[in-house]
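Colleague: I would like a close look at one part of this model, the open sheet and what packs around it. Please go strand by strand and then say what lies beyond.

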Amino acid sequence: PAVCVVGLGYIGLPTAAVIARSGCKVLGLDVSQEVVDTINRGEIHIEEVDLDGLVQGVVARGLLSASTEVAPADVFVIAVPTPFEKDGSGDHAPDISYVLAAGRTIAPVLKSGDVVILESTSPVGTTEQLRDLIAAIRPDLKIPQSDPGGLARETPDIAIAYCPERVLPGRILEELTNNDRSIGGVTPRCARKALAFYKRFVRGECVTTDARSAEMTKLVENAYRDVNIAFANELSIVSDRMGLDVWEVIRLANRHPRVNILSPGPGVGGHCIAVDPWFIVHGAPEETPLIRTARGVNDRKMHHVVAKAEALLEAHPEARVACLGLAFKANIDDFRESPARFVASRLARKFGARIRIVEPYAAQLPIEFTDTGVTQIDIDEALEECDILVVLVDHDVFRVVPLAERADKLVYDTRGIWPDQPRVVREDAARAALA
Ligand code: SAJ
């Protein structure tokens, strides 16, 4: 089939490339002319393992091209952002305007037999809203209606389904092919149509369900992780207070066969885990105290880390400080919604030239560090020049620094990468003792 992928971002571009590799002719749509031109040159505008070679190959073979103009296709895959907007009351309302805009873009070229698949993380009911929008624009098409009794006899002209991506940045290409997928149809027939498409390039199991359940499943996966990370982050603050090493406590607790606590960190970042739980809270505000609280715990952890780092730097006014890492997690170059970046920029604003940043995945420092006096150095320079190391990201290049090279440093390790570090900032008492 001819495929049109709407949105060529972190999910859309790898998805378009993998579909193209399976032999389909793929047109990628994006609103940015720059993105379109880059891809048509066989280049990419995002960083992802092995994506450059794949895109170059499928573009060269004529299987993938990009455009700002829609064209007819047999399958449409929508992978556009679904951010949330904070309204006046501090509520977090999902913004599905890009999904609806994509629907308006493709509706005019839809024809009988087409399959429309939404992949963007979306609040429950979005796929049906997309369906209603298409129905309003194209009254000439028979649109699938939800049919719980299965009594409808009419065969709709098009199929509409929700199939969330669930790939991990840094492992996108591998997970795109190997992960299981949930495929939720507006009707069972829609799900089967979408299933036949995914079978072309997914090796994992594809499980069909209804659209609303598939939408909720995606949100639940990320809320599950957020709640579990919040538990770890809360433990880290509790352990601080009690003068305990949280990493030691978690290591021991995880020896229990049914306990598997995640890792504390400076907070939760990225575009998914810190966002998607709000979609559930927004849909059922009264029924979600746990999910809401977990979000708050993870957000507050960033401020906790800032406060602790500030106290440390104030207690050692002569010390030169290196912040290790800006990315939102280990071994990637993605700085969106990064707690590490938040902490480092706060310290930069307050302490200026005392701060150095080590981020091997950044060619230069982000905009907010301009005019702060902060400089970017590499890890070797940090180990030579700096007295305090604030570990904000668990990049492998930091993890492998041997004890001998950091034994004389004072370390605030928010990721627990150096369990053997002798001078670690752990809790208030330890900080006072070190000062
Ligand atoms: N983090 C911790 N402690 C942990 C694990 C993670 O502090 O033990 C932090 C990370 O440092 C990062 C944040 O949480 O700041 C999120 O990282 P992540 O690796 O948990 O997740 P993402 O955002 O890279 O990708 C997630 C994945 N979802 C789940 O694992 C349930 C991925 O499969 C989804 O496809 C993706 O969200 C998405 O796009 O929704």
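Modeller: A good place to enter is Val3, which stands opposite Val26 in S2. This is a predicted model, and what follows should be read as such. Val3 belongs to strand S1 (residues 2-6), and five bridges join S1 to strand S2 (residues 25-29), the two running parallel. Val3 also stands opposite Val75 in S4. S1 and S4 are again paired in the parallel sense, over four bridges.

From S4 the pairing continues to strand S7 (residues 115-118), parallel and over four bridges. Here Val75 stands opposite Val115 in S7. Strand S4 (residues 75-78) is covered on both faces: Val75 and Val77 are buried on one side, Phe76 and Ile78 on the other. This fits a general rule: in a regular strand the side chains alternate between the two faces of the sheet.

These strands are part of an open sheet of eight, in the order S3-S2-S1-S4-S7-S8-S9-S10, with mixed pairing. At the edges stand strand S3 (64-67) and strand S10 (206-210); each has a single partner strand, so one side of each is left without a neighbour in the sheet. On average, neighbouring strands of this sheet are turned by 25° against each other, direction ignored.

Helices lie across the sheet. Helix H2 (residues 33-40) lies across S2 and S3 and runs at about 160° to S3. H8 lies across strand S8 (159-162), strand S9 (181-185) and S10, at about 145° to S9.

Helix H8 (211-242) is also included in what covers the buried residues of H9. In helix H9 (residues 246-253) the buried residues are Val246, Trp247 and Ile250. Seen down the axis of H9, these buried residues fall within an arc of 95°, so they line one face of the helix. The general reason for such a pattern is that an α-helix has 3.6 residues a turn, so residues three or four places apart point the same way. On the other side of H9, Glu248 and Leu252 are exposed.

Further along the chain, helix H11 (residues 289-315) packs with H12: their axes come within 10 Å and cross at roughly 35°. The crossing of H11 and H12 is right-handed. On the H11 side the contact is made by Met302, Val305, Val306, Ala309, Glu310 and Leu313, and on the H12 side by Pro339, Phe342, Val343, Arg346, Leu347, Lys350 and Phe351.

According to UniProt, in an unreviewed entry, residues 322-420 carry the feature "domain: UDP-glucose/GDP-mannose dehydrogenase C-terminal". The end C-alpha atoms of residues 322-420 lie 19 Å apart, and the span is 24% helix and 17% strand.

Two loop residues are worth checking in the backbone. Asn331 is in the loop between strand S11 (321-324) and helix H12 (339-351), and has a positive phi of about 60° although it is not a glycine. Asn331 counts as partly exposed, with 16 C-beta neighbours inside 10 Å. Asp371 lies in the loop between strand S12 (355-358) and strand S13 (375-376). Phi of Asp371 is also positive, near 65°, in a residue other than glycine. Asp371 is exposed, because 8 other C-beta atoms lie within 10 Å and the cut-off for exposed is 12 or fewer.

Conventions:
Residues are numbered from 1 along each chain as its sequence is written. This is a predicted model: local features need pLDDT of at least 70, side-chain atom pairs count only at pLDDT 80 or more; totals for chains, interfaces and linings use all residues. A residue is buried if 20 or more other C-beta atoms lie within 10 Å of its own, exposed if 12 or fewer, and partly exposed in between; C-beta atoms are placed from the backbone. The arc is that of the directions from the helix axis to the C-beta atoms. Two residues are in contact if their C-beta atoms, placed from the backbone, lie within 7 Å. UniProt positions are given in the numbering used here, feature names are shortened, and annotations may be inferred rather than shown by experiment. Two strands pair if DSSP finds at least two bridges between them. Axes are lines fitted to C-alpha atoms, for helices over the stretch in contact, and angles run from 0 to 180 degrees between N-to-C directions. A crossing is left-handed if the near helix is turned anticlockwise from the far one by less than a right angle, and right-handed if clockwise.
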